[in-house]
Amino acid sequence: MLYLDARDAHFPALGLGTWELRGRDCARIVEQAVRLGYRHFDTAQMYGNEREVGEGIRASGIKREEVFVTTKVAPDNLAPRLLERSVKESVGALRLGEIDLLLLHWPNKGIPLAETIDALVGMKRDGFVRHIGVSNYTVALIEEASRLSGERLVCNQFEYHPYLDQSKVLAACRAHGMAAVAYSPIAKGSTRSDSVLTRIGKTYGKTGAQVSLRWLMQQGVGAIPRTSKVERLAENIAIFDFSLSDAEMKEIAGLARDGRLVDWAWSPKWD
Ligand SMILES: NC(=O)c1ccc[n+]([C@@H]2O[C@H](COP(=O)([O-])OP(=O)(O)OC[C@H]3O[C@@H](n4cnc5c(N)ncnc54)[C@H](OP(=O)(O)O)[C@@H]3O)[C@@H](O)[C@H]2O)c1
């Protein structure tokens, strides 16, 4: 396993995404993931599954300090009082004690960022969360948030896979000492059948999805692929026994096109 280091945060680069995993199936897949070696889990208030993610982790019997759990504040909860209340609810739903990493899920233009950041910092200072960060932040937002925050922002989580050039956001994360974590890292499964990724993968006995994850790891970027299938849990973590060459890394970067998959009415103006 590779680890990401940002300021005083240290966490596994590969984690399990849980968007759309629900109920018993969610708890079961999280439990299985722990057994297969996953030590980083990504949930959110918006996913409606914090309770089940916590259940799956507890059911696995792993020691609490051996797993790293991220959750995210919904964009509707960014006013200070709502943020505080909703994060306390998240802590109550997860039942894992302190949250390891709390992110602002999306920016919300309707609420002054300074107020939200102060409330976020307050949750860390009051001991509800160990680390704080952001998600879907653009270069300008990263700069503004970093300037406003009285505590280190350790992470930006954003869409990143071979079909989307994210060099600007990545450079801003590096400049501000933030870990970059890629969501939709296998482009929602479509990297599996990509002809270039499949050809490269054949050399190593790996699938296109594994090549896409490895490509992120070799840039020092984290990834949180999601699956509801146990066999794919094993596939997506089996990426630490091969290395892509510089030429392969470049060829994969060359697949970038206008490939954004996650975009909503509330999205910021992307870089
Ligand atoms: N911060 C944000 O705004 C944000 C936005 C989007 C996502 N996320 C986080 O990032 C996580 C991952 O992103 P995502 O769920 O959008 O997409 P993803 O992980 O790129 O792809 C998930 C899809 O790929 C399939 N899949 C998984 N492993 C596979 C493999 N080895 N080969 C082929 N197909 C495979 C899954 O289907 P099966 O279940 O059938 O395997 C699922 O349909 C989310 O779950 C969530 O935790 C965050």
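Colleague: Which residues are buried in helix α9 (residues 230-237)?

Modeller: This is a predicted model: local features need pLDDT of at least 70, side-chain atom pairs need 80 or more, and totals for chains, interfaces and linings use all residues. Residues are numbered from 1 along each chain, and side-chain values use heavy atoms, without hydrogens or water. Helices (H or I, at least four residues) and strands (E, at least two) are DSSP runs. With buried set at under 20% relative accessible area (1.4 Å probe, protein chains only), α9 has Leu233, Glu235, Asn236 and Ile237.

Colleague: What do the buried residues of α9 pack against?

Modeller: Leu233 is one of the buried residues of α9. Contact here is heavy atoms within 4.5 Å. The partners of these buried residues are β3 (16-17), α1 (23-35) and α8 (208-217).

Colleague: How many residues of strand β6 (residues 99-104) are buried?

Modeller: β6 is mostly covered. The count of its buried residues is six of six.

Colleague: Which strand joins β6 over four bridges, and which over five?

Modeller: Strands pair if DSSP finds at least two bridges. Both pairings of β6 are parallel. Thr71 faces Leu102 of β6, while Leu104 faces Val134. The four-bridge partner is β5 (residues 68-73), and the five-bridge partner is β7 (residues 129-135).

Colleague: Which helices lie on the chain path from β5 to β6, and from β6 to β7?

Modeller: β5 is joined to β6 by four bridges, and the chain crosses between them through helix α3 (residues 80-94) in a right-handed β-α-β crossover (clockwise from first strand over helix to second, strands pointing away from the viewer). β6 and β7 also belong to a right-handed β-α-β unit. The helices, in that order, are α3 and α4 (residues 113-125).

Colleague: Is Gln45 buried or exposed?

Modeller: Gln45 sits in the loop between β4 (40-42) and α2 (50-60). Its relative accessible area is 16%. That is under the cut-off, so Gln45 is buried.

Colleague: Which side chain does the Gln45 side chain meet in a polar contact?

Modeller: Beyond its neighbours within four places in sequence, Gln45 is in contact with residues including Thr71, Val73 and Ser90. A polar contact is a donor-acceptor pair of N or O atoms within 3.5 Å; residues adjacent in sequence count only if both atoms are side-chain atoms. The Gln45 pair lies at 3.0 Å, and the partner is Asn77.

Methods: Buried < 20%, exposed > 50% of the residue type's maximum accessible area, 1.4 Å probe, protein only.
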